[in-house]
Protein chains: 2
Amino acid sequence: MDANSAAAAKSTIPHKDLANAIRALSMDAVEAANSGHPGMPMGMADVATVLFQRHLKFNAANPCWPDRDRFILSAGHGSMLMYSLLHLTGVPGVTLDELKRFRQWGSKTPGHPEFGHTPGVETTTGPLGQGIANSVGFALAERMLNARFGDDLVDHYTYVIAGDGCLMEGISHEAISLAGHLKLNKLIVLFDDNGISIDGSVSLSCSDDQLKRFEASGWSTARVDGHDPEAVSAAIAAAKKSSKPSLIACKTVIGFGAPKKAGTSATHGSPLGKEEVAGAREKLGWSHAPFEIPADIKSAWAGIGSRGAADMNAWSKRLDANSQKAEFERVMKGDLPANFAEVLGDLKSSIAKDAPKLATRQSSQLVLDTLVPAIPELIGGSADLTGSNNTKAKATKPVTAENYGGNYIYYGIREHGMAAAMNGMALHGGVIPFGGTFLVFTDYCRPAIRLSALMNQRVIYVMTHDSIGLGEDGPTHQPVEQLAALRAIPNLLVFRPCDTMETAECWALALTTKDRPSVLALTRQALPHLRADAANANHCARGAYVIRPTQKERKVTLMATGSEVAIAVEAQKILEEKGIGTAVVSMPSWELFEQQSAAYKKEVLGTGLKVAVEAAIGFGWERYIGTDGIFIGMKGFGASAPINDLYTNFGITPAAIVDAVTAKL
Amino acid sequence: MDANSAAAAKSTIPHKDLANAIRALSMDAVEAANSGHPGMPMGMADVATVLFQRHLKFNAANPCWPDRDRFILSAGHGSMLMYSLLHLTGVPGVTLDELKRFRQWGSKTPGHPEFGHTPGVETTTGPLGQGIANSVGFALAERMLNARFGDDLVDHYTYVIAGDGCLMEGISHEAISLAGHLKLNKLIVLFDDNGISIDGSVSLSCSDDQLKRFEASGWSTARVDGHDPEAVSAAIAAAKKSSKPSLIACKTVIGFGAPKKAGTSATHGSPLGKEEVAGAREKLGWSHAPFEIPADIKSAWAGIGSRGAADMNAWSKRLDANSQKAEFERVMKGDLPANFAEVLGDLKSSIAKDAPKLATRQSSQLVLDTLVPAIPELIGGSADLTGSNNTKAKATKPVTAENYGGNYIYYGIREHGMAAAMNGMALHGGVIPFGGTFLVFTDYCRPAIRLSALMNQRVIYVMTHDSIGLGEDGPTHQPVEQLAALRAIPNLLVFRPCDTMETAECWALALTTKDRPSVLALTRQALPHLRADAANANHCARGAYVIRPTQKERKVTLMATGSEVAIAVEAQKILEEKGIGTAVVSMPSWELFEQQSAAYKKEVLGTGLKVAVEAAIGFGWERYIGTDGIFIGMKGFGASAPINDLYTNFGITPAAIVDAVTAKL
């Protein structure tokens, strides 16, 4: 603890008043909004006060200082706890007026904390369990960057406040198991052990011994009275020295201070009501008007907020003196290496049209074999399908508890935890995470993919075995509706490249798009090389383009993605031979195509018969084929059989396309 | 153990030969298919043999006998273990020829076990963790039916084989936590503790102490050598007597018998190869040709398969003598009570058009208040949002570890576990499960919803707060893409009723459709009663219908679902006043509308300008509005604000509809 910290810790303002400031603001804001969750902020005010006053390394004036400790409110419904802290410590923009506009249109204080919306919010939380799973990514990114840049530049803790809901969610198991395995000892979870959930007592639905559970996954654990500041502080101090991640179960009273409702689910998700608020003021000894914070208390909180300024200045000096300064700043800004375009260009030039067929998952590996050595911040991984997802480039080394200096993570069979950890890594900054599983299992990580999109994070999902083309594993493993379901997520880029060239282009787009997540849908099966035109611009950047023009007057447009582009090209040959002018459009990304001009779209789609070919259900394709076009694809779930039997039996063949087109014309 | 069991247990065929029959069939079938997972069946052959020979209550000739023990292969990739067992014990239809056609088009032996496809398969597994989570539903259904019908009719165990993958998946946490809480002591999990996952040693990614973890959730645990039949049997015998659910960690060697590859991930998901298979034959002392089972061994296995015949006959006699026979048979067949139509009719008649506005979640509660007392097998629940989802009807009583006789389950904050448990309950039979959470959290349970659809199970998802209409909780809690994503799942019925009458009709459709799951998307906000025409047939059964015809010549059709139907009706009034003939179509279910005749569809959709109104993204609506229609709805994620501000700011209002229509015309 430096001098400032010590001063703040010894503030003449009693702990109780500091914590009550949080309680008062929280209940007042919820009351003003007539909506919200007062119980958690009131219950955890003591714990949060201790954390901010005595332990958290932060500087309110600069909430983005790279070496700050991260504070993650996994129990995001208790957002007023965070807003109160941001306001009281003096984070710019989180004014009292914003607190008064809690949960109103355009305020900085939405119902749940939103990254990118409110300064000081590290990650968007609310969907339970996500924050604690993000925190594993934060803590891992810290260790990886520490391995790369050293203690001088990277040395901070990740603190999490989580509730019963977070710990009941399945994703928490994936998160704590991975954190324990990787011995992320700078991760400290403060569990708001209030025994209450929305339906009533937690004992209605849960009998877990949480401490034992965390210990089983390799965590240090402690149990404290969450209203005893010294006990809380001692537990945090001990956790900071642990060689394992730490859980501190803080026994608290939800809605602490509310005379009648404290300790009950009535305080969880509803305003306390006038009478109860008045009673709480009395009980807490807080005689100030709504939203009024006495100057001395405000000043003490401001002192807490500036406690880390000296730390930050010292860090800045260390950064200036550090030989890796430019590289550190580059990766923290998220810029790619200066030679990225060159490396990519060389790669594209090396792609030969007559090379042996390659599955796009293998094309992806080929791309990674080139890019991973060139982009040290690119951190791969797979949810236990490394060899199938082809995510491990030649040059990668595993990240382990003994050595965080690697760049490949064995995430285990934890798709959801992987996705949420990748969100945390991307949010932390300094690394660009990509991770693989089968496309069908995007369902398992969908809540985290949604958050990648909502938070504008560059997280890259390498999703292989992207259709019935995976063959024998059958319908449980064959995605049919996943492409549609992913395309439906706002702000998500869904790429389905048709060959090696497109795979390289889509990887380039995923990497250069700093503010959107990407899904790369890749085949298990080998595909021909349809393009070897490296000199050209990135065709995939326009989302769709004519990959094979007609030699005649255009009567038919065959649109396809991924593995079905080659099938469409085969069909084209037959149709042209029959005298039917047919163009083939490759459509690797609907989202990028949607951004093009109306004129370009019209040019690509043509005016004749429109046919879409995709080994998935047709949901959504009417956007491009209209209500009178033809869709060649799946009508329901797949089946277990070798790939050729599947394509034939489900009628996704050149012959089926030709038959449908000729019947229609 | 009855006489038959004892005989089978004392079979003169050594255990080793029985187990090796499984090993040989498994490696031979995988070899023939040139695809599959031999390692797990070979590793778990001893455990499975002990279970089937000495403990499992089943009768191969009648794999659907209601009081059989359930056997669930959660590690579904080891499907050859199950197919070998079904074949060897003599389950009809699982012939040697089918084993030879493992993973081929149309065979009874797909890559992963599929319910409804192969006799004796209790649930579709493969997506990891689902089986163990289903098993909680199976075991719970058993206890609930036992409470209702007594030991004479319902008294059986649920056995699960699960692997490391199942236990690493987050859903396993939700499952074991719920099972422990509910003290489902007839649930016994045999953990294939082979230390190997696809990427290599489990130690690459996981350091959990699984026994301690299960104990933390209230389970009995044991650790045994999975190749020691006596130890395995003793552990199962002890587990059967436990007052808690039981985990038996069976230390096994994956690919047991393979001379070079045993104990390595090389045996996990690939054929062993000719040489290794030959070596395994030698090492195991199995000199028989591929797919050849010596008569004495086959006969011993047949004896195991018929071991439960006497048990079944005794049970049948007890059933015949039981006063509740007809009711038991009704619920096991899944038929609704005879007076269902009458009850529903009375309910519909009671709906008054001038009643106060009601949110459809409240309408749903009103329906449940009527139906739950009339349908004793209807089992409700919520993932800790009981008061918000309105899933607890007046007459319900909670299901607890002390009394399984209730009909409401506090699932806790475990959406995925809830959905998978509901699948298990539906598959067990005798109960009809419904469960609630917010619509946005269908993302959390999506893999299980997909399996409800794939398995044709009547599981009813009550998903409230179904749009930005939920207001202040903000974008993390506001579904925008979920309706599209759910509509994309084959075989799933997605209902979005617009008022109380439609809610009653949609509930009726969900309940009477025995072979499909349903999602009911319901509002948080109050809606007017647009219909009070109880005498009419179920309009929702046709998916969409003209709810408000035009008084003029029809120029415009406004299609809407749920809460936006009332908005469309308001817009209609204005447009009609302006002289623009406008019809309003309510479209509670796209899936049912798709099943209608082309003529009916055309009649409903009209020929003029088509406008869709839905407070969600427009993905997929081109199917009905074409490429030149108008979509009024969301373009991206929502925001935190009171409902009226949201609808106004996002432009989903009667005025916005009118403006768009007049601009277009």
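## Contacts around A:Pro373

Contact here means heavy atoms within 4.5 Å. By that rule, and leaving aside neighbours within four places in sequence, A:Pro373 is in contact with A:Leu368 and A:Ala395. The model is a predicted one.

A:Pro373 sits in helix α16 of chain A, which covers residues 360-374. A:Pro373 has 49% relative accessibility and counts as partly exposed. Its partner A:Ala395 is 22 residues away in sequence. In space, the C-alpha atoms of A:Pro373 and A:Ala395 are 6.3 Å apart.

## How the two chains relate

Chain B superposes on chain A after a rotation of 180°, with 0.0 Å of shift along the axis. The RMSD of that fit is 0.0 Å. This is the relation of a two-fold axis.

Which surface do the copies use to meet? They meet through the same surface, because 100% of the interface residues of chain B are also interface residues in chain A.

## Residues that touch the other chain

A:Arg446 belongs to helix α19 of chain A, residues 442-454. With 2% relative accessibility, A:Arg446 counts as buried. Setting aside residues up to four places away in sequence, A:Arg446 touches A:Ala485, A:Leu486 and A:Ile489 in chain A. In chain B it touches B:Asp443, B:Arg446, B:Glu481 and B:Ala485. A:Gly195 is 251 residues from A:Arg446 along the chain, and their C-alpha atoms are separated by 29 Å.

A:Ile171 lies in helix α8 of chain A, residues 170-181. A:Ile171 counts as buried, at 4% relative accessibility. Its contacts beyond four places in sequence include A:Leu128, A:Gly129, A:Gln130 and A:Ala133. A:His416, A:Gly417 and A:Ala420 are also among them, as is B:Gly170 from chain B. A:Ala133 is 38 residues from A:Ile171 in sequence, yet 6.8 Å away in space, C-alpha to C-alpha.

## The nonpolar core

In soluble globular proteins, nonpolar side chains tend to be buried together. Here the largest nonpolar core holds 256 residues. Which residues have the most contacts inside it? They are A:Leu558 and B:Leu558.

Beyond its neighbours within four places in sequence, B:Leu558 contacts B:Ala568, B:Ala571, B:Gln572 and B:Leu575. Further contacts of B:Leu558 are B:Thr582, B:Ala583, B:Val584 and B:Val585. B:Val611, B:Ile657 and B:Val661 complete the list.

## Helices: one enclosed, two crossing

Helix α22 of chain A spans residues 563-577. Eleven of its 15 residues are buried, so the helix is largely enclosed by the rest of the structure. The buried residues include A:Val565, A:Ala566, A:Ile567 and A:Leu575. A:Glu564, A:Gln572 and A:Glu576 are buried too. Just after α22(A), A:Gly579 takes a positive phi of about 90°.

In chain B, helix α4 (residues 79-89) packs against helix α12 (residues 295-306) at an angle of about 90°. Their axes are 7 Å apart. The two helices are therefore roughly perpendicular to each other. From α4(B), the residues that meet α12(B) are B:Leu85, B:His87, B:Leu88 and B:Thr89. On the α12(B) side are B:Lys298, B:Trp301, B:Ala302, B:Ile304 and B:Gly305.

## Positive phi in loops

Most residues other than glycine have a negative phi. A:Asn491 is not a glycine, but has a positive phi of about 75°. A:Asn491 is in the loop between α20 (482-487) and β13 (493-495) of chain A. At 24% relative accessibility, A:Asn491 is partly exposed.

B:Lys183 also has a positive phi, near 50°. Its loop runs between α8 (170-181) and β3 (187-193) of chain B. B:Lys183 is partly exposed, with a relative accessible area of 41%.

## A strand residue and an annotated domain

B:Thr221 is found in strand β6 of chain B, residues 220-225. It is partly exposed, with 24% relative accessible area. B:Thr221 and B:Leu211 are ten residues apart in sequence and 5.9 Å apart in space, C-alpha to C-alpha. Leaving aside neighbours within four places in sequence, B:Thr221 contacts B:Leu211, B:Phe214, B:Glu215 and B:Leu247.

An unreviewed UniProt entry lists residues 358-529 of chain A as "domain: Transketolase-like pyrimidine-binding". That span is 38% helix and 18% strand. Its end C-alpha atoms lie 8 Å apart.

Technical notes: Residues are numbered from 1 along each chain as its sequence is written. Chains are lettered from A and ligands numbered from 1 in the order in which they are written. This is a predicted model: local features need pLDDT of at least 70, side-chain atom pairs count only at pLDDT 80 or more; totals for chains, interfaces and linings use all residues. Side-chain values use heavy atoms; hydrogens and water are left out. Copies are superposed by least squares on the C-alpha atoms of residues with pLDDT of at least 70 in both. UniProt positions are given in the numbering used here, feature names are shortened, and annotations may be inferred rather than shown by experiment. Helices (H or I, at least four residues) and strands (E, at least two) are DSSP runs, numbered from the N terminus. A nonpolar core is a set of buried Ala, Val, Leu, Ile, Met, Phe, Trp, Tyr and Cys residues joined through side-chain atoms within 4.5 Å. Buried means under 20% relative accessible area, exposed over 50%, partly exposed in between (1.4 Å probe, protein chains only). Axes are lines fitted to C-alpha atoms, for helices over the stretch in contact, and angles run from 0 to 180 degrees between N-to-C directions. Angles under 35 degrees count as roughly parallel, over 145 as roughly antiparallel, 65 to 115 as roughly perpendicular and the rest as oblique.
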